[in-house]
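The following exercises are to be solved with the sequence and the three-dimensional structure at hand. Each task is followed by a solution that proceeds step by step.

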Amino acid sequence: MSGCTSHDFGHSIGTEKISFNQRWTFHRGQLDSTQVFISGQLPMNGLIDTSRWYNIMLPHDWSIYGKFSRQNLEKNGGHALPVGIGWYRKTFNLPSSDRYKHIFIEFEGIYRNSTVWINGHRLGNQPAGDIGVTYDLSKYLHFDDRSNVLVVRVDNRSQPAADWYTGSGINRNVWLIKKMPITVDEVESNYAASILMPHRNDSVPSNRIGDATAVLNQDLVIDNMGMPPIEEVTDKYEKKELESQQQRLGLRIQIKTTIYDANNFQVAQKTGSVKPTRGRQHVKWQLKVRDLKLWSPDEPYLYTWEVELRQGSHVIDRIRKPLGFRDIQFDSSKGFILNGVPTAVKGVCMTGDWGPLGTAYNYSAMTRQLKMLKDMGCNAIRTIHQTPAPELLSLCDSMGFLVMDETFDNWKALAATISKDSIETWSFLGQLSDLIKRDRYHPSVFIWSLGNTGNLENDTLGVKMAAAMIRVIRSLDSTRMITAAMNNMMPEENKLARSGLLDVLGFNYHSRLYDSLPRFYPGQSFIATEVAGALESRGSYTALIPDSTMYLPASANESYADTTGTNWAVSAYDLYAAPWGETHEQALLDVKNRDFIAGSFVWTAFDYMGGHLPYPFPARSAYSGIVDMAGLHKDVYFMYQSEWAAKPVLHVFPEWNWNAGDTISVWAYYSQADSVELLLNGVSLGKRSKGDGKPGDSPLHVCWRVPYKAGKLEVVSKKEGQTVLTEEVKTAGGATRLAVSVDQAFFRGITGDLIFVTIRLTDENGVLVTSDDREIEFSIKGPASLVGLSNGYQAGSRSLKGHIMGTWKGKLVAFIEPKVNKGHIELDMQAAGMEEQRASILVGE
């Protein structure tokens, strides 16, 4: 399954889970229903008009293909892309042998307000856009020569839907699931473990997990659905098969649960049997795993939980799930404790779009983002403010990320749609239940978040809503803590924080009150659910920078900041923030030395479309990311890396192309060194150490004020007199060539996987040219498609799905989708005023 990089999780026999992403057709806009539901020919009217339908592969987001336009702004703040209605259609055939199985269709996400039909029969409607839905197709299907017609209507016209870009369409994976009459119900089944750590309080961290043992309590749910509705069978061979299937249903069900370690060696097993009864049967067992290897972000060790069902000699179902054991505690003075060791949560907030892919989930794009965060030293993710794609959690399991799993944004939107008198009418509780059942298998999920409370923490209704949500969570999972992201820290106003309902109190921003929290809420645990809100554009610098934080706009009461002379870009020096936020450095320092706060989640990991922007249109993407939307690092990435990563870091900026007479602030981030020396054209400009009190320094960076001279700027970090790292920037000449680097690290040879090509505009010596951006026209020869272009500029007007885009500060990334797992493709690039250049790419090499 996509996203499971090291384990084959899911049903491996009995139940079939088949990718249903390919060979769909799509139409945007209103339609005559006869053009959708009739397969082949329309009565009396000839063939279906398919001229406005086109072939697609899921996941799919149709909004990202639109044009950025001022006309779209008022309908969904920020991103300026169109929404509307879309139709999806797929025809498929099933063999006659499938008539003895129950057939389901599972959509992991459709944004939003979707309606699904099979062969003209309406299956249901799902208003929510980011939680999955499953429909039973069995009684409406054809198992002969007739094609089955699956139709999905998506209506995303009602806006605004969120404060960020949501996309439109079937933007996550779709599965066709074939189940035998008796199966393991993987949604209702669950396991929970208690861990015995005899040396938890040992003074040596590595000794604390010695002799650890896990007691796994398994609640296995066997679902006996009986035979599906079957039309009269006349063929004698099919009659014989039907009789055989019916006779087997009465046999005892043999059950075997096995736990395997990461090397696929058996470490625990239990067997038994039950007599089949119609409906669901619960089988509760206990297994012990000794000499335990614990899961953590540094060592994400995964076991496998396997359950096998047999009747007679037939294996009727087998399910495999990831299993990670970790000991989690929150402490009012020590913060977060993982496996007996105090551990800082070094987290980021992540939205659900992938730049030019929109919100269409893609394994390669997701893995690329996580790899960047891992290299930065990040160990945790908050899934703001929506149900994450399930494949994200599988990747977090295997790559080692803690996940704050949440599903709701502003509670005010929920409160506007519920009855205050009857909890039974609160449909969002069903959505929450689906989330918990889906995600509780994942060891990466360490805390549930009820989402942003939107100041309803001060209201009795907010407390009532939280209590209802917590009852749902507790009934389904007793192993994890629960928090909510609240805005108000004042105890005399915050009814929810005082209620005792939350295990961990989560707060957004307002870091000036951190030191008051232990006094406000004695004995409570805390986590900073949202911090920073800083603003930068990659590679954008000015000679004059402010002495202190500048807010854009200056007040939350203003819509936008002045754009005069900005080109809708914000300087990349970490000195700018939204009115409610703070710089990245300040946000990190606010948490760094306060052990009673478990950690923080930075807003945000990556720039994303939409959101509250500092500038008006054509600005259409957020400025708050540590990395831009193309996946290119901003300078502040290296500040986090210098604080979070367990390796030496050195980074100097800005670029070195200025005017005579300019005096420039040169910053350097570094780690695992005593000092940093700056040299201009070989002449030392002095050494600096963080916190040495020099003008422009901070506890997290060093600074020099340098009169500009063309040439080479070099920094050298040293520890005990020995050079640790060196880095340099040079003055660039005129743009003469395109330098191309190809990243195939996230291409597995699977349909839909991507290759990322970074293009740099350089002079004849290979120095990056940042002040002479050029438009580049792309074309591909060979078995591949160009599926996106992004330069990271937050106010670009070019479509991210076109074949022409300019570099921004000398860089651009092309997203390429090969159609083969091995082969040769050629990427042709024509930059304005330059000779055409061709890059040869050996796919899979």
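**Exercise 1. Disulfides**

Task: Determine how many disulfides there are, and explain why Cys 349 and Cys 396 form no such bond with the closest cysteine.

Solution. Step 1: A disulfide is a covalent bond between the sulfur atoms of two cysteines. The rule applied here requires a pair of cysteine sulfur atoms within 2.5 Å. By this rule, the count is zero disulfides.

Step 2: The closest cysteine sulfur to that of Cys 349 belongs to Cys 378 and is 10 Å away, which is too far for a bond. For Cys 396, the closest cysteine sulfur is again in Cys 378, at 9.0 Å, also too far for a bond.

Step 3: Burial is considered next, where buried means under 20% relative accessible area, exposed means over 50%, and partly exposed lies in between (1.4 Å probe, protein chains only). Cys 349 counts as buried at 1% relative accessibility, and Cys 396 is buried with a relative accessible area of 0%.

Step 4: The basis of these values should be noted: this is a predicted model, in which local features need pLDDT of at least 70, side-chain atom pairs count only at pLDDT 80 or more, and totals for chains, interfaces and linings use all residues. Residues are numbered from 1 along each chain as its sequence is written, and side-chain values use heavy atoms, with hydrogens and water left out.

**Exercise 2. The nonpolar cores**

Task: State how many residues the largest nonpolar core has, and which helix gives the most to this core.

Solution. Step 1: A nonpolar core is a set of buried Ala, Val, Leu, Ile, Met, Phe, Trp, Tyr and Cys residues joined through side-chain atoms within 4.5 Å. In soluble globular proteins, nonpolar side chains tend to be buried together.

Step 2: The largest nonpolar core has 156 residues, and Val 348, Leu 373 and Met 465 have the most contacts inside it. Helix α7 (residues 460-476) gives the most to this core, namely ten residues. Helices (H or I, at least four residues) and strands (E, at least two) are DSSP runs, numbered from the N terminus.

Step 3: Contact means heavy atoms within 4.5 Å. If residues up to four places away in sequence are not counted, Met 465 touches Trp 411, Leu 414, Ala 415, Ile 418, Trp 426, Phe 428 and Leu 456.

Step 4: Another core, of 36 residues, lies apart from the largest one; Ile 64, Ile 776, Ala 784 and Met 829 are among its members.

**Exercise 3. Helix α6**

Task: Compare the span of helix α6 with its expected value, and decide whether this helix is largely enclosed or not.

Solution. Step 1: The expected span of a helix is 1.5 Å times one less than its number of residues. For the twelve residues of α6 (residues 428-439) this gives 16 Å, and the end C-alpha atoms are 17 Å apart, which agrees.

Step 2: Because nine of the twelve residues are buried, α6 is largely enclosed by the rest of the structure. The buried residues include Phe 428, Gln 431, Lys 437 and Asp 439.

Step 3: The elements covering these residues include α4 (390-399), β27 (402-406), α5 (411-415), β28 (445-452) and α7.

**Exercise 4. Barrel and sheet**

Task: Give the strand order of the barrel and that of the four-stranded open sheet.

Solution. Step 1: Two strands pair if DSSP finds at least two bridges between them. Eight strands close into a barrel with parallel pairing, in the order β25-β26-β27-β28-β29-β30-β31-β34.

Step 2: Within the barrel, β31 (residues 525-532) and β34 (residues 597-603) run parallel and are joined by four bridges. Ala 532 stands opposite Trp 603 in β34.

Step 3: The open sheet has antiparallel pairing and the order β46-β44-β48-β49. Its edge strands, β46 (804-806) and β49 (837-843), each pair on one side only.

Step 4: Seven bridges join β48 (residues 823-831) to β49, and Ile 825 stands opposite Ile 841 in β49.

**Exercise 5. Backbone exceptions**

Task: Identify where Pro 59 and Ala 80 are found, and describe the backbone there.

Solution. Step 1: Most residues other than glycine have a negative phi, and most peptide bonds are trans.

Step 2: Pro 59 is in the loop between β6 (54-56) and β7 (85-92). The peptide bond from Leu 58 to Pro 59 is cis, with omega near -5°.

Step 3: Ala 80 is also placed in the loop between β6 and β7. Its phi is near 65°, a positive value in a residue other than glycine, and Ala 80 counts as buried at 0% relative accessibility.
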